[in-house]
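Student: Hi! I'm new to this one, could you walk me through it?
Tutor: Happy to. Let's have it in front of us before we start.

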2 protein chains.
Amino acid sequence: MKDKACIVGVGESAYTRDVELSKSVLAIQLEASMRAIEDAGLSPKQIDGILPSQYGPTTEELAANLGIEELRFATTVHMGGAAAVASLQHAAMAVSSGAAERVLLVSGWNGYSMQRARNILSTNVTVLPGGAIARDYYMPYGLTVPAQWYALIARRHMHEFGTTQEQLGAIALAMRKHASLNDKALMRDRALSLKDYLSAPVIADPYRMFDCCLETDGAAAVVVTSAERAKDRKHRPVYIMGAAAAHPYPADEFTNREDIFHTGLTDAAPKAFAIADVSPSDVDFAEIYDCFTFEVLQQIEETGFCERGEGGAFVEGGRIEIGGELPVNTHGGLLSEAHVLGMSHIVEAARQLRGNLGKRQVKGAEIGVVTGWGDFGDGSIAVLRR
Amino acid sequence: MKDKACIVGVGESAYTRDVELSKSVLAIQLEASMRAIEDAGLSPKQIDGILPSQYGPTTEELAANLGIEELRFATTVHMGGAAAVASLQHAAMAVSSGAAERVLLVSGWNGYSMQRARNILSTNVTVLPGGAIARDYYMPYGLTVPAQWYALIARRHMHEFGTTQEQLGAIALAMRKHASLNDKALMRDRALSLKDYLSAPVIADPYRMFDCCLETDGAAAVVVTSAERAKDRKHRPVYIMGAAAAHPYPADEFTNREDIFHTGLTDAAPKAFAIADVSPSDVDFAEIYDCFTFEVLQQIEETGFCERGEGGAFVEGGRIEIGGELPVNTHGGLLSEAHVLGMSHIVEAARQLRGNLGKRQVKGAEIGVVTGWGDFGDGSIAVLRR
């Protein structure tokens with residue numbers, strides 16, 4: 001599949017945290033979709049494939065409202081936060097096999113004003129990949145939200161490898177710094193110091209407030225087409241060099257895993273790099289699914305940017321900031337831009353590779369990586385190039 | 001994608017209509033899955049892709065319970081009764097692109113003992129592709145179940161083309177006749193005469209009792225692998241020559257359609273035949289999603305087995321019975337075998353093409369077609385060969 005499919009359009013709705021501005025998930029997703037389609041220089045009628053989010057309107061509702069007349073490809077990836085990047089793999093397969101020619105990916109929600117992520121389990125556990133286990137075995141013991149599950153894994157990493165709270169803080173600070181360069185970032189005007197970080201309330205030890213991602217109303221969308229069709233588009237095409245997804249074992253819960261740090265990404269990353277025929281050292285920046293700070297560190301390790309246990313040192317010293325060795329989440333990520341379920345990471349990667357992001361442009365960016373991370377450790381990754 | 005992927009394993013759970021035998025959907029789907037995997041001569045550990053049903057356990061629950069350690073491909077097709085055959089297309093793409101090597105498809109439910117199809121809208125309308133429209137616009141006017149929606153379309157066909165109740169009856173009788181040759185068919189011992197058919201109670205005019213499919217507890221499963229890997233399997237491989245899926249316009253409801261008979265299948269069928277490089281006249285049998293009798297007639301027309309309006313005459317005179325010109329639903333279908341959401345049609349087609357089905361074998365069967373049909377007219381089709 002190497003280089004057979006391209007991202008040719010990206011778009012977002014407004015990102016808000018205001019109950020007065022609340023809209024339906026359908027309205028928010030349509031706003032992002034229309035912008036991505038327009039950015040691709042297409043009309044909705046030309047879209048013939050949809051990869052919707054599991055947390056939103058159905059394919060049929062999107063198609064009817066967009067006026068898509070010839071829809072011939074649609075499937076829903078149920079991988080939580082890993083779904084957006086896994087959907088990119090599916091879209092690449094669809095256009096390279098001829099099942100569809102122009103595929104729309106969209107995800108987002110009214111995650112602040114309506115279905116707050118913190119309540120996700122109390123409202124509908126089955127929306128999570130391992131929902132039944134969470135409901136039956138975790139919730140009775142008080143483990144009700146993702147922050148609690150992942151806190152256990154973060155603490156284990158600190159115990160085994162000496163990872164520090166300050167290193168987690170370095171991740172939060174880097175995302176916040178990047179957000180200050182992004183007019184769409186909800187936290188663009190809120191500077192964060194290490195002192196602020198360390199004095200914030202504990203949510204689930206070792207996670208403090210700024211280790212946790214934002215709850216947001218918003219959506220982002222992407223249009224994928226074949227490399228051939230991408231050539232005459234408005235913007236420089238962004239090639240999908242390689243993509244892969246995988247589930248950990250067992251897939252439905254994490255307490256019985258032999259190796260708690262071995263997730264879907266551990267298996268998917270080498271596969272994606274092999275298809276792309278490049279290695280982590282060739283990568284100029286990474287947009288990493290940052291539901292919490294430690295998950296960034298873990299994915300940096302499991303993607304192969306450093307060895308396991310070295311993630312703490314890796315994220316220090318500005319190495320993951322713009323201008324550093326591997327800029328991470330140049331838009332501010334889920335931690336400081338907005339939480340639209342991973343699609344904004346793809347949007348940002350595509351814009352970096354178009355090369356005109358102004359003050360937050362990674363200079364000379366040729367190859368970027370985007371990852372996805374779903375409960376309880378589903379992983380996805382795409383290697384992109386300009 | 002022509003001939004690049006094969007069906008190498010098929011299996012079913014027990015099919016029951018007995019609340020005393022009720023099991024969880026997960027248990028039923030695991031039973032069918034294990035049989036399909038065993039039929040393929042594989043162990044569950046060798047499966048690396050899952051296409052689950054939208055109406056059942058999550059991919060993660062299936063993977064964990066089957067002991068699948070290296071799961072690298074999973075997506076859920078939300079097309080109701082069109083999902084199983086559309087999933088076959090996705091599986092073919094996955095194995096031919098290298099995203100996975102051995103993919104499991106499974107669908108089924110406890111549709112008799114627990115989640116009866118007749119109550120599907122009152123319990124959870126969003127499980128249907130056009131659920132929101134049904135809830136907001138159809139239900140307030142009393143159109144609460146699929147039998148009612150499709151009855152309107154059947155009546156329109158009768159009005160426009162002179163299709164008769166007896167012709168719908170010929171479909172019900174053919175399925176019942178085939179069921180008598182199938183030990184797994186729930187209606188194997190219940191002979192049906194035209195007189196029985198015509199004197200049965202009206203459900204939603206023109207649909208009488210025997211126009212409507214069964215509610216069943218049961219599941220069926222299929223294993224797909226690449227043509228290369230299929231060669232050394234236990235059974236003769238069944239090649240996926242071509243497959244396609246499509247949605248009608250508008251996709252989320254049917255009352256505003258310019259052409260009420262133009263469904264997803266109308267668009268998908270020529271595409272699948274073009275990929276397969278054969279035509280409807282080359283087909284030896286067809287397994288057609290038979291939620292109701294008229295939908296068989298409509299799909300016969302829209303697949304191109306005859307012209308629109310000629311379906312009524314086509315189904316008469318034993319033409320769709322084993323021994324006829326185009327045997328349809330040789331297992332008895334949803335009407336007389338069991339309703340497991342379309343997967344049993346794929347299972348039956350594969351068995352016909354293996355060529356050892358005994359008394360219900362279509363002699364000399366070389367090429368078969370399987371279709372799927374989802375609310376409100378999502379369509380899918382696969383052309384298979386021995």
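Tutor: Let's begin with how the copies meet: 100% of the interface residues of chain B are also interface residues in chain A, so the copies meet through the same surface. Please keep in mind that this is a predicted model.

Student: Got it. What rotation superposes chain B on chain A?
Tutor: A rotation of 180° does it, with 0.0 Å of shift along its axis and an RMSD of 0.0 Å. The two copies are thus related as by a two-fold rotation axis.

Student: And which residue of chain B comes closest to the rotation axis?
Tutor: That is B:T76, whose C-alpha is at 2.6 Å from the axis.

Student: How many residues of chain B are in contact with chain A?
Tutor: On the chain B side there are 37, and they are in contact with 37 residues of chain A.

Student: What area is buried between the two?
Tutor: About 3,100 Å² is buried between chain B and chain A, and carbon and sulfur atoms give 54% of that. B:E60, B:H247 and B:Y249 stand out here: they supply 21% of the area that chain B buries against chain A, more than any other three residues.

Student: Which helices and strands of chain B each supply at least two residues of that side?
Tutor: Two helices and two strands to look for: helix 2 (59-66), helix 3 (83-97), strand 3 (73-74) and strand 8 (238-246) of chain B. By type, the residues on the side of chain B that touches chain A divide into 19 nonpolar, eleven polar and seven charged.

Student: With charged residues in the mix, how many salt bridges are counted between chain B and chain A?
Tutor: The count between these chains is zero. Polar contacts are another matter: 13 residue pairs make them across the interface, both residues being at pLDDT 80 or more.

Student: OK, so how many salt bridges are there over all chains?
Tutor: The whole structure has 34 of them. One example is A:R351 with A:E12, where the closest N and O atoms are 2.9 Å apart. This pair links distant parts of the chain, since A:R351 is in helix 14 of chain A and A:E12 is in strand 1 (residues 5-12) of chain A, 339 residues apart.

Student: New topic, sheets. In what order do the nine strands of chain A run?
Tutor: The order is 3-2-4-7-1-8-11-10-9, in an open sheet with mixed pairing. At its edges are strand 3 (73-74) and strand 9 (285-287) of chain A, each of which pairs on one side only.

Student: In which sense do strand 2 and strand 4 of chain A pair?
Tutor: Strand 2 (residues 49-51) and strand 4 (residues 102-110) of chain A pair in the parallel sense, over three bridges. To find a spot to look at, start from A:G49, whose bridge partner in strand 4 of chain A is A:V103.

Student: What about chain B?
Tutor: Chain B has an open sheet of nine strands too, in the order 3-2-4-7-1-8-11-10-9 and with mixed pairing. For an antiparallel pair there, try strand 4 (residues 102-110) and strand 7 (residues 217-226) of chain B, which pair over nine bridges. B:V103 has B:V224 as its bridge partner in strand 7 of chain B.

Student: Last thing, where are the backbone oddities?
Tutor: In chain A, a cis peptide bond joins A:Y249 and A:P250, with omega about -10°. A:P250 sits in the loop between strand 8 (238-246) and helix 10 (264-276) of chain A. In chain B, the peptide bond from B:D375 to B:F376 is cis, with omega near -10°, and B:F376 lies in the loop between strand 10 (367-374) and strand 11 (378-385) of chain B.

Student: And what is the phi of A:L341?
Tutor: A:L341 has a positive phi of about 70°, although it is not a glycine. You'll find A:L341 in the loop between helix 13 (333-336) and helix 14 (343-354) of chain A.

Conventions:
Residues are numbered from 1 along each chain as its sequence is written. Chains are lettered from A and ligands numbered from 1 in the order in which they are written. This is a predicted model: local features need pLDDT of at least 70, side-chain atom pairs count only at pLDDT 80 or more; totals for chains, interfaces and linings use all residues. Side-chain values use heavy atoms; hydrogens and water are left out. Copies are superposed by least squares on the C-alpha atoms of residues with pLDDT of at least 70 in both. Contact means heavy atoms within 4.5 Å. Buried area is the accessible area (1.4 Å probe) that two parts lose on being put together, summed over both. A salt bridge is a side-chain nitrogen of Lys or Arg within 4 Å of a carboxyl oxygen of Asp or Glu. A polar contact is a pair of N or O atoms within 3.5 Å; within protein, one must be able to donate a hydrogen and the other to accept it, and residues adjacent in sequence count only if both atoms are side-chain atoms. Helices (H or I, at least four residues) and strands (E, at least two) are DSSP runs, numbered from the N terminus. Ala, Val, Leu, Ile, Met, Phe, Trp, Tyr, Cys and Pro count as nonpolar, Asp, Glu, Lys and Arg as charged, and the others, Gly among them, as polar. Two strands pair if DSSP finds at least two bridges between them.
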